Amino acid sequence: MRIALLGGGGHAAVIIEAMRAAGLAPAFIVDRNKAMWGRSVLEVPVIGDDDHLAGSGATHFIVSLGAVGPGRDRQTLFELGIAAGLKPLAIIHPTAIVSPSAMIGAGSAVLAGAVLCARATVGRNVIVNTRAVVEHDCTVGDHVHIATGACLSGQVQVSEAAFIGAGAAVRQNVVIGAHACIGLGSAVVRDVAAGSLVVGVPAEVKRMSV
Ligand code: JB2
């Protein structure tokens, strides 16, 4: 197995250490920032941009871009890895607690101290970040990022590519729409419309759609 990482910033360092803790060895990184080419992140070389994926000899990949800034988003990078003929690799940090009845999709990362409870289902290319909790019977769609320390209570549904900010808490049975964004530390007590931004305790709508 030869594993490529897509994105060489802060989140890549977390992914590299999670992989090593799980006994996996990242082979190289691709990054859009030319200044990084020829350098390394925690001894993993940055070989060039995304065009270097095809023909690199990589067999597997993981999207190691966390937040979405300038450049491609996490979903686009995931699709790029697939298009290059690579298989998405799921990683689980050995300190994460994952129920035997939980499901984790291809290319997802369950990081240090995260908890996935009974029958939780996590899609593809999801980040369950450090110490996040996904309670029983939650459904988490593809490309979602559940940031550090966020907590989804039982039976919450998070739709595709939504972002749950660090330390946010979501009440049981709430449905969060696709591409919605939940601000850091928010308490979400009712459903959130697709594409909207909600913030606060209790969380209020700040923007209806993006
Ligand atoms: O299209 C791209 C692309 N766009 C940005 N392709 C590739 N291969 N790489 C891309 N990048 C690269 O991702 C940037 O050039 C940069 O090197 C990296 C993003 O690094 P940064 O440290 O800015 O963000 P991050 O996503 O690694 O980490 C954020 O998200 C984490 C979850 C930070 O905010 C962290 O604090 C946070 N823990």
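This is a short conversation about the ligand site and some strands of a predicted model.

Reader: What makes the backbone of G66 a polar contact of the ligand?

Author: The cut-off is 3.5 Å between N or O atoms. A backbone N or O atom of G66 lies 2.6 Å from an oxygen atom of the ligand, so the pair qualifies. The protein covers 69% of the 760 Å² of accessible area that the ligand has on its own.

Reader: How do you know that R32 makes a polar contact with the ligand through its backbone?

Author: By the same test: a backbone N or O atom of R32 is 3.3 Å from a nitrogen atom of the ligand, and the limit is 3.5 Å, so this pair counts too. For G10, a backbone N or O atom lies 2.9 Å from a ligand oxygen, therefore that pair also passes.

Reader: Which residues are closest to the ligand, and how does the shell divide?

Author: Happy to say! The ligand is surrounded by 20 residues, the closest being H11, D31, R32, D50 and G66. By class, the shell has six nonpolar, 10 polar and four charged residues.

Reader: Why are β2 and β4 called paired?

Author: Pairing needs at least two bridges. Strand β2 (residues 26–30) and strand β4 (residues 44–48) have two, in the parallel sense, so they pair. V30 stands opposite G48 in β4.

Reader: What makes β3 and β4 a pair?

Author: Strand β3 (residues 40–41) and β4 share two bridges in the antiparallel sense, so the requirement of at least two is met. Here S40 stands opposite P45 in β4. Their hairpin has two residues between the strands, and L42 takes a positive phi near 50 degrees.

Definitions and conventions: Residues numbered from 1 in each chain as written. Predicted model: local features only at pLDDT ≥ 70, side-chain atom pairs only at ≥ 80, totals over all residues. Heavy atoms only, no water. Near = heavy atom within 4 Å. Polar contact = N/O pair within 3.5 Å; in protein donor to acceptor, adjacent residues only side chain to side chain. Areas by Shrake-Rupley, 256 points an atom, 1.4 Å probe, with all protein chains shown as cover. Nonpolar A, V, L, I, M, F, W, Y, C, P; charged D, E, K, R; others polar. Helix = DSSP H or I, 4+ residues; strand = E, 2+ residues; numbered from the N terminus.
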